[in-house]
Amino acid sequence: MNIQFKKGALNLCVLVLLDKQDRYGYELVQKISSRIAISEGAVYPLLRRLTKDGYFTTYLQESNEGPPRKYYSLTELGRTYLQEQLEEWKSFTDGVNQLIEEGVQND
């Protein structure tokens with residue numbers, strides 16, 4: 001899949017997954033990887049950037065399977081950003097789908 005497609009979608013995927021529940025980095029990677037082929041290294045810089053921008057907060061939680069895990073939690077600012085991103089995604093995909101349909105019909 002085109003890397004630029006993935007970059008745009010990855011941001012939205014992380015936001016949507018954290019809207020439902022707090023998750024740790026590797027859990028996000030696994031959940032997204034089950035649907036989209038991504039590298040683990042693509043998610044962590046995104047998490048750092050979105051945390052720095054105020055869309056997430058983080059906390060450590062003990063784990064039975066090793067060291068404490070860093071969990072990410074969506075902030076109110078993050079929820080607002082998610083809604084904006086969802087609206088942009090819908091507008092973008094609607095436009096692309098219309099162009100594809102027009103192109104296919106003209107063939």
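Student: Which residues is Phe56 in contact with, leaving aside its neighbours within four places in sequence?

Tutor: Phe56 is in contact with Val14, Leu15, Leu18, Leu47, Leu50, Thr51, Tyr72, Ser73, Leu74 and Thr75, once its neighbours within four places in sequence are left aside. Contact means heavy atoms within 4.5 Å. The model is predicted, so local features need pLDDT of at least 70 and side-chain atom pairs count only at pLDDT 80 or more, while totals for chains, interfaces and linings use all residues. Residues are numbered from 1 along each chain as its sequence is written, and side-chain values use heavy atoms, with hydrogens and water left out.

Student: Why does Phe56 count as buried?

Tutor: Buried means under 20% relative accessible area, exposed over 50%, and partly exposed in between (1.4 Å probe, protein chains only). Phe56 has 3% relative accessibility, so Phe56 counts as buried.

Student: Where does Phe56 lie, and what stands opposite this residue in β3?

Tutor: Phe56 belongs to strand β2. Helices (H or I, at least four residues) and strands (E, at least two) are DSSP runs, numbered from the N terminus. Opposite Phe56 in β3 is Leu74. These two residues are 18 apart in sequence, with 4.6 Å from C-alpha to C-alpha.

Student: What makes β2 and β3 a pair?

Tutor: Two strands pair if DSSP finds at least two bridges between them. β2 and β3 (residues 66-74) have seven bridges, in the antiparallel sense. Within this pairing, Tyr59 has Tyr71 as its bridge partner in β3, and Gln61 faces Arg69. The two strands form a hairpin, with two residues between them.

Student: How do you know that β1 and β3 pair?

Tutor: β1 and β3 have two bridges, in the antiparallel sense, which meets the requirement of at least two. The bridge partner of Tyr24 in β3 is Tyr71.

Student: In what order do the three strands form the sheet, and what makes a strand an edge strand here?

Tutor: The order is β1-β3-β2, in an open sheet with antiparallel pairing. β1 (23-24) and β2 (56-63) are the edge strands, as each pairs on one side only. Helix α3 (residues 40-52) packs on this sheet and touches β2 and β3, with its direction at about 125° to that of β2. Here axes are lines fitted to C-alpha atoms, for helices over the stretch in contact, and angles run from 0 to 180 degrees between N-to-C directions.

Student: Which residues of α3 are buried, and why are they said to line one face?

Tutor: Val43, Leu46, Leu47 and Leu50 are the buried residues of α3. Seen down the axis of α3, they fall within an arc of 105°, so they line one face of the helix. The arc is that of the directions from the helix axis to the C-beta atoms. An α-helix has 3.6 residues a turn, so residues three or four places apart point the same way. The face of α3 turned away from the buried side carries the exposed residues Gly41, Arg48 and Lys52. The cover over the buried residues includes α1, α2, β2, β3 and α4.

Student: Which residues of α2 are buried, and why are they placed on one face?

Tutor: Gly25, Leu28, Val29 and Ile32 are buried in α2. Down the axis of α2 they fall within an arc of 100°, so they line one face of the helix. They pack against α1, β1, α3 and β3.

Student: How do you know that the end-to-end distance of α4 agrees with its number of residues?

Tutor: The expected span of a helix is 1.5 Å times one less than its number of residues. For the 30 residues of α4 (residues 76-105) this should be 44 Å, and the end C-alpha atoms are 43 Å apart, which agrees. Gly78, Tyr81, Leu82 and Gln85 are the buried residues of α4, and they pack against α1 (3-20), α3 and β3.

Student: Why does Ala9 count as buried?

Tutor: Ala9, in helix α1, has 15% relative accessibility and so counts as buried. The C-alpha atoms of Ala9 and Gln85 are separated by 9.9 Å, with their places 76 residues apart along the chain as the sequence separation.
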